[in-house]
Amino acid sequence: MAASQTEQPTTALADAPPQRPSATAGDVAELLEPLRREILAHCYRMTGSVHDAEDLVQETYLRAWRAYHGFENRSSLRTWVFRIATNACLTHLEGRKRRPLPTGLGAPAADPHDQPHPEAGVSWLEPMPDDLLWSQGQPDPAAQAVSHDSVRLAFVAALQHLTAQQRAVLLLRDVLAWRAREVAEALDLTVAGVNSTLQRARARLADVDPQEPPRLPDDERRRALLRAYVAAFEAYDVAAIVDLLAADVVWEMPPYPEWYRGARAVGTLISRWCPAQRAGDMRMLPTSANGEPVLALYMREDDGVHRAFQLQHVVPGPDGVARVTAFFGPELFAHFALPPELPPR
């Protein structure tokens, strides 16, 4: 009798299913590392901010670690973690205003003769460095987890016109290609609610996402255009700059809310308000963001040192540079691993 009593719990323990060993935060981070760039791109599309996206990747990792004991492979790891990331973004966005570009504020093109004034009360959209999205700084056409179109600057700017929930639904359905039922489960919605939200989001996006101008492929013609553009700025040759712009170029400069249309208007803007006075006052370093060229502009100050001034996101087209978004703010240079000042030549 005593022997039987001692054997029963031993048998019960042998029949019990093996328990998942507890995972450390490092274990979960290592498991999710192959998805890191995709998660970062998703959080960037949701928020429009590089800094916020990087913070939300860490928040996603933390939430995943806390919830890992409940992950039972009933869905793919990718689906599970993107559900966590999306809800982390929705929590972050509660009560926050959208991040626009100047062209998204609804005002008409400004007069370049009027002095532009920065608007400090707006949280502006930020560019996403290509090095954070693609291992070699450029999308691999053969196999890329993050597509160029899904992070192009105009698309991310257009997303900011949607509510946070509309963004989440549209991105999960149209970018990540989830089924409506999966989106409903992730966001605690009905399938009908997902479909109606998606319909409204698509309609709004069609209204605010501008028609993309034709782009030059990454070939010698585009490289020659960019070389000439850099040379014109470094020579402070405004006439040459104007000649390199498309006739209907769009130029904007967050945190300045004004924006400008037309090569002649941009030439007037630069001539009238750019602090450069002579050749050599400006120097440029090439980098890239959102799948397009970015030129980091350094301005010579009174002590002769060239310091971080603006990042020009440039869209080259067949008729010249079609669009320039010049992001002011030396803090953005750190995201691109760019120096705050340049050594003398």
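**Group meeting: strands, cores and two cysteines**

The chain has 15 helices and seven strands. One caveat up front: this is a predicted model.

Overall numbers next. The chain has 345 residues, and 48% of them count as buried. It exposes about 17,500 Å². Carbon and sulfur atoms supply 52% of that area. Now contacts. Take those between residues at least 6 apart in sequence: 67% of them join residues at least 24 apart.

On to the cores. Which residues touch the most other members of the largest nonpolar core? Ile39, Leu187 and Leu311 do. That core holds 68 residues. Helix α5, residues 77–93, gives the largest share of this core, with nine residues. There is also a second, separate core, of 33 residues. Its members include Leu244, Trp251, Ala263 and Ala276.

Let me stay with leucine 311 for a moment. Set aside neighbours within four places in sequence. Leucine 311 is then in contact with Val294, Leu295 and Ala296. Its contacts also include Thr325, Ala326 and Phe327. Further along the chain, leucine 311 meets Leu332, Phe333, Phe336 and Leu338.

Now the strands. Start with β1, residues 245–253. Seven of its nine residues are buried, so by that cut-off of under 20% relative accessible area β1 is mostly covered. What does β1 pair with? One partner is β6, residues 320–328. Those two strands run parallel, joined by four bridges. Another partner is β2, residues 256–261. That pairing is antiparallel, again over four bridges. A hairpin of two residues links β1 to β2.

Valine 250 is a handy marker here. On the β6 side, valine 250 stands opposite arginine 323. On the β2 side, valine 250 stands opposite arginine 261.

Next pair: β3, residues 282–289, and β4, residues 292–300. They pair in the antiparallel sense over eight bridges. Proline 286 in this pairing stands opposite leucine 295 in β4. The hairpin between β3 and β4 has two residues between the strands. Asparagine 290, in that hairpin, takes a positive phi near 55°.

Threonine 287 sits in β3. Is threonine 287 buried, partly exposed or exposed? Its relative accessibility is 22%. The buried class stops under 20%, and exposed starts over 50%. Threonine 287 therefore counts as partly exposed. Beyond residues up to four places away in sequence, threonine 287 touches Pro293, Val294, Phe336 and Leu338. One distance to note: threonine 287 and alanine 337 are 50 residues apart in sequence, yet 9.8 Å apart in space, C-alpha to C-alpha.

Val294, Phe336 and Leu338 are contacts of threonine 287, and they appear among the contacts of leucine 311 as well.

Last topic: cysteines. How many disulfides does a search of the whole structure find? Zero. Consider cysteine 43. Its closest cysteine sulfur is in cysteine 89, at 3.6 Å. A disulfide needs the sulfurs within 2.5 Å, so this pair is too far apart for a bond. Cysteine 89, likewise, is in no disulfide, and its nearest cysteine sulfur is that of cysteine 43.

Are these two cysteines buried or exposed? Cysteine 43 has a relative accessible area of 0%, so cysteine 43 is buried. Cysteine 89 is buried too, with a relative accessible area of 0%.

That is the tour. Over to you.

Definitions and conventions. Residues are numbered from 1 along each chain as its sequence is written. This is a predicted model: local features need pLDDT of at least 70, side-chain atom pairs count only at pLDDT 80 or more; totals for chains, interfaces and linings use all residues. Side-chain values use heavy atoms; hydrogens and water are left out. Buried means under 20% relative accessible area, exposed over 50%, partly exposed in between (1.4 Å probe, protein chains only). Contact means heavy atoms within 4.5 Å. Accessible areas come from the Shrake-Rupley method with a 1.4 Å probe; for residues, only the protein chains shown count as cover. A nonpolar core is a set of buried Ala, Val, Leu, Ile, Met, Phe, Trp, Tyr and Cys residues joined through side-chain atoms within 4.5 Å. Two strands pair if DSSP finds at least two bridges between them.
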